[in-house]
Structures are given as C-alpha cells and as structure tokens.
Amino acid sequence: MTPDELRELFLFEHLDDTQLAWLVEHGQVEATRAGDPLLSEGQPATCFYVLLEGTVALQRTIGGETVEISRTDHRGSYFGATQAYLGAEVASKRIYQMTVVPITDVVMLQLPAEEFGAAFREWFPMAMHLLEGLFFGMQNTQAVVGQRERLLALGSLSAGLTHELNNPAAAAVRATAALRERVAGMRHKLAMLAQGSIDAATLPSLVRLQESAVERVAKAPKLEPMAASDLEDEVGDWLDEHGVAGGWDLAPTLVAGGLDVDWLATALGECPAAAREPAIRWLAYTVETETLMNEIEDATTRVSTLVGATKQYSQMDRAPFQVVDVHELLDSTLVMLGGKIGDGVRVVKEYDHDLPRLPAYAAELNQVWTNLIDNAVSAMSRQGVLTIRTFRSEASLVVEIGDTGTGIPAAVQSRIFEPFFTTKAFGEGTGLGLDISWRIVVNKHHGDIRVVSTPGDTRFQVWLPLNPGA
Ligand SMILES: Nc1ncnc2c1ncn2[C@@H]1O[C@H](COP(=O)(O)OP(=O)(O)OP(=O)(O)O)[C@@H](O)[C@H]1O
Ligand SMILES: [Mg+2]
C-alpha cells in the first residue's frame with residue numbers, strides 16, 4: 001500500500017508522512033477467503049487488522065453460545081489487537097476479545113501488535129493518557145453495572161417471590177392445623193358412635209349421607225354474605241325446630257358446604273330422632289374437613305404454580321439462548337411482580353397468540369419486562385391500568401407496556417436511557433433500569449426500544465427481530 005492509499009482510510013487520515021511511511025513499512029496486505037478463520041477470541045492478540053475490502057462478522061462467546069455482535073463492510077473498520085497501545089498491566093490487551101469471520105472474500109491490512117502499540121504510544125502521548133483513563137473508567141463502570149444488574153434480578157426475584165409464596169403457604173399451614181383439630185373431633189365422634197348411641201342399622205345410611213354431603217361441598221356455590229346469612233337463618237331455625245341443640249353454631253358450616261334445608265329434610269328423614277344430633281355433627285365435621293382439604297389443595301397448587309413461574313422467569317436449567325414464547329415470559333414476570341404491582345393496578349393483557357416463537361435470551365428479556373413494568377407501576381403510584389400488548393410489525397415482534405401514569409416530560413425523554421439518569425428520590429431509583437434494558441434489547445437482540453408518552457398514556461415498545469440472523 002502507498003501512503004496516499006493509507007491516508008484515504010479514516011483511521012489514518014491525519015497522520016504525517018513519517019508515520020504513514022512507518023505503516024507502509026510494517027503493514028502487510030493479505031487476502032482471506034470467505035469462511036476461512038481470521039482471528040479467534042481468546043487467542044494471543046498479535047495483530048491489528050484494518051478492513052480494506054469485503055464483509056466480516058464480529059462474534060463473541062457469551063454463556064457458551066456464539067453471538068454475532070456486529071457485521072461490517074465499512075472500509076477502514078479495525079479489529080484484532082485494538083488495545084495493543086494500553087499498558088502491560090491490562091490483561092485483556094494480550095488476547096483477542098472477539099472472533100472475526102470473513103463473510104465474503106476479504107482484503108485486510110495487518111500490523112504487528114507489539115510494534116504498532118509502541119509506535120502509537122510514542123506518536124500520541126496525550127491521547128494515550130486519555131484513552132487509558134477512559135478504559136479504566138469504563139471497566140469500573142462495567143463492573144458496578146454488572147453487579148447491580150445481577151442484584152436487580154435477584155432482588156426483584158426474591159422480593160416478588162417471598163411476597164407471593166407467603167400467602168398460600170400461611171393459608172396451607174392454617175388449614176392444616178384446623179384440619180388436625182376436626183379430624184381429632186371425628187375420631188371422638190366415632191368412639192361415641194361405636195358405643196352405640198347410633199344403632200348399627202343407621203350407620204350405613206349415615207355413611208351414604210356423608211358421601212352425598214362431600215359431593216355437595218365440591219359443588220357448593222360461593223355465596224354473597226347477604227344470601228349466606230339468609231340461608232344460615234333458615235338452617236338454624238330448622239335445626240332448632242328439629243331438636244338439634246347448638247344448631248346455630250353449625251348452620252354457617254353446613255351452608256358453606258352447600259347443605260340447605262331441603263337437603264337436610266330429605267337426608268335426616270331417614271334418621272331416627274335420637275340419632276339426629278350426632279348425625280348432624282358428624283356431617284358438619286365432614287363438610288369442614290372437605291372444605292379444609294380443598295383449601296390446602298388450592299394453596300399448595302398455588303405454591304407449585306409460583307415455583308413453576310420462578311423457573312420460567314429465571315430460566316433455571318435452560319439454555320441462555322433459545323426459541324421462546326414471549327407470552328410465557330411475560331406471564332411469569334407478571335406472576336413474579338404480582339406483589340409489587342399490587343391491587344391498585346389493573347393488568348390488561350392484549351396478547352396476539354398467533355405470534356411466532358422467537359430466538360432470544362429469555363432470562364434477560366424477563367429483566368427487560370421487569371424494569372419496564374417496575375417503571376410503569378411507580379409512574380402510576382400503584383393506581384391505574386397496566387396494559388401488556390403484543391403484536392407483529394414487519395419483521396419484528398413488538399411487546400408494548402403501557403401505563404396510565406404521570407407520563408415523561410419531553411425534556412426528560414431524551415435522557416431516560418442514560419445510565420444513572422433518574423427522576424426518583426435518592427435511594428428509590430438508580431437510573432439503571434432502562435440502560436440495562438437498552439443494552440439487552442438493542443445490543444444483544446439487535447432490536448429497539450421506543451417510547452411515546454403523554455400524561456395518562458405512556459407506552460414503551462420493545463421491538464425484537466423475528467429473524468435476528470437476517
Ligand atoms: N413509564 C414511565 N412513566 C414515567 N416516567 C418514566 C417511565 N419509565 C421511565 N421513566 C423515567 O425514566 C427514568 C429512568 O428510568 P430507569 O428505569 O432507567 O431508572 P429508575 O426507574 O429511575 O431507577 P431503577 O430502575 O434503576 O430503579 C425514571 O426515573 C423516570 O423519570
Ligand atoms: Mg426503573
């Protein structure tokens with residue numbers, strides 16, 4: 001290459017004649033065929049490359065997967081030993097940080113890293129200091145951000161989960177204690193039955209009654225308090241009239257189990273008068289134990305649903321990059337954030353279930369929804385409507401998270417994606433939520449985040465390409 005040709009590359013445009021002559025002397029122009037390996041991540045960084053012709057893809061290995069970071073045919077693009085000029089204490093300068101693959105046949109200018117680094121330091125001493133400052137500054141920020149990123153994920157995960165698990169777990173414990181008491185009561189009653197206060201001939205019909213009561217419990221409608229109390233009055237009266245002592249205490253239980261006056265009249269018609277009260281008590285125990293067992297079943301089912309959602313949310317035991325249904329991700333995130341969203345916010349889902357599945361970093365997308373929903377909920381001060389919509393637009397799948405909160409003033413809108421930009425009080429927000437989301441969507445998924453906002457109507461849209469390779 002001639003000095004004049006070098007001068008045409010943006011990288012070298014203001015170098016003087018001696019510097020260009022140095023490059024001509026040390027540089028070597030080499031052609032490589034499409035697909036042949038050029039340089040690999042982790043190998044010793046011996047060479048600085050400048051693209052002269054063709055297209056290359058830059059790749060990195062993240063979590064065991066090869067990810068394309070970018071692709072370029074821009075003449076003058078450079079890669080390889082790009083940190084050669086940094087001081088010896090920088091470990092990363094000694095190995096290639098990326099793999100570069102020629103997509104077409106390419107021609108490159110190659111410069112030996114050691115010599116190029118030394119020349120660079122000598123030519124630009126002040127720029128060197130600035131670059132080093134920038135490099136170490138970035139490294140520190142990255143470390144802090146990375147840590148915070150993990151903490152954020154962990155924090156919202158465990159906060160949401162503990163809150164959500166607590167209610168059903170406590171309910172199950174409560175119901176189990178009550179069940180234990182009722183079962184003890186039944187054992188006691190059984191002893192009384194066995195002593196002969198009910199004659200042997202009545203027992204089979206009592207067992208039949210019990211079965212019928214169990215069926216009614218399963219089908220018992222959930223009553224409004226007013227309707228329930230009317231029925232309890234009727235049942236209480238009926239028991240009273242039929243000589244069942246303490247019938248008023250039993251009425252609520254019987255009514256909750258779907259046993260009304262008609263049923264009792266039919267059922268106890270078969271029963272001798274003396275056996276009526278023990279029979280009713282026995283039935284009340286049956287209703288109670290049934291109801292308690294249903295409660296326990298509901299609570300434990302809820303617990304396993306939550307555990308399932310946690311697995312889905314954190315993508316435990318799953319490959320980091322995989323083909324996913326965004327709706328599953330959104331739903332698990334909503335479950336995890338249930339406590340944070342609270343009762344004041346109505347969640348409206350407008351999912352397009354015909355959308356195709358999408359290749360994505362699932363756990364990280366969950367972090368994006370988490371951040372956007374968190375922002376939406378705090379913008380609404382926990383009162384309003386949260387709308388989660390999905391639709392397809394051109395070659396992208398779009399997830400829209402809308403809130404009816406304060407909105408984002410125009411002056412603020414241009415800054416919200418900056419790291420550490422926050423309008424929240426000290427200690428409430430770090431201003432990293434949207435920065436993290438941006439990096440996940442734009443850098444990792446080659447997508448886009450758009451926002452439109454007026455007071456009462458703010459929508460964040462996450463655009464994800466359906467075919468990221470294209
Ligand atoms: N849905 C929204 N409605 C109104 N303002 C919003 C909304 N989403 C984001 N913002 C504004 O953007 C700023 C930056 O958001 P970002 O999520 O990056 O940080 P943060 O929420 O302040 O803190 P962090 O998420 O780190 O706890 C917020 O402080 C807020 O002013
Ligand atoms: Mg936030």
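Okay, so let's start with helix α12, residues 362-379, which lies across four strands: β9, β11, β12 and β14. Against β12, which covers 396-403, the helix runs at about 25°. Keep in mind that we're looking at a predicted model here.

Now, what are those strands part of? They belong to an open sheet of five strands, and if you walk across it, the order is β9-β11-β12-β14-β13, with mixed pairing. At the edges you've got β9, residues 345-350, and β13, residues 448-454, and each of those pairs on one side only. From one strand to the next, the twist averages 15°. Quick reminder for anyone new to this: the strands of a sheet pair through backbone hydrogen bonds, and that can be parallel or antiparallel.

Let's zoom in on the β13 edge. How many bridges join β13 to β14? Seven, and the two strands run antiparallel, with β14 spanning residues 457-465. If you want a pair to click on, try Ile449, which stands opposite Val462 in β14. There's a helix here as well: α14, residues 433-445, lies across β13 and β14. The angle between α14 and β13 is about 140°.

Hang on to α12 and α14, please, as we need them for the ligand. Which elements give two or more residues to the shell around ligand 1? Those two, α12 and α14. The most comes from α12, with four residues. There are 23 residues around ligand 1, and the ones that come nearest are Ala379, Thr422, Gly429, Gly433 and Leu434. Sort the shell by class and you get 12 polar, eight nonpolar and three charged residues.

Last stop, a pair of helices earlier in the chain numbering: α6, residues 225-241, and α7, residues 247-256. They pack at an angle of about 135°, and their axes are 8 Å apart. Why do we call α6 oblique to α7? Because oblique is the word for angles that aren't roughly parallel, perpendicular or antiparallel, and roughly antiparallel only begins over 145 degrees. As for handedness, α6 passes α7 in a right-handed crossing.

Who makes the contact? On the α6 side, the residues include Ala228, Leu231, Val235 and Leu239. From α7, they include Trp248, Leu250, Pro252 and Val255. By class, this contact has 10 nonpolar residues, along with two polar and two charged ones.

Okay, that's my tour, so have a look around the model yourselves.

Note on methods. Residues are numbered from 1 along each chain as its sequence is written. Chains are lettered from A and ligands numbered from 1 in the order in which they are written. This is a predicted model: local features need pLDDT of at least 70, side-chain atom pairs count only at pLDDT 80 or more; totals for chains, interfaces and linings use all residues. Two strands pair if DSSP finds at least two bridges between them. Axes are lines fitted to C-alpha atoms, for helices over the stretch in contact, and angles run from 0 to 180 degrees between N-to-C directions. Two residues are in contact if their C-beta atoms, placed from the backbone, lie within 7 Å. Angles under 35 degrees count as roughly parallel, over 145 as roughly antiparallel, 65 to 115 as roughly perpendicular and the rest as oblique. A crossing is left-handed if the near helix is turned anticlockwise from the far one by less than a right angle, and right-handed if clockwise. Ala, Val, Leu, Ile, Met, Phe, Trp, Tyr, Cys and Pro count as nonpolar, Asp, Glu, Lys and Arg as charged, and the others, Gly among them, as polar. A residue is near a molecule or strand if its C-beta atom, placed from the backbone, lies within 6 Å of it.
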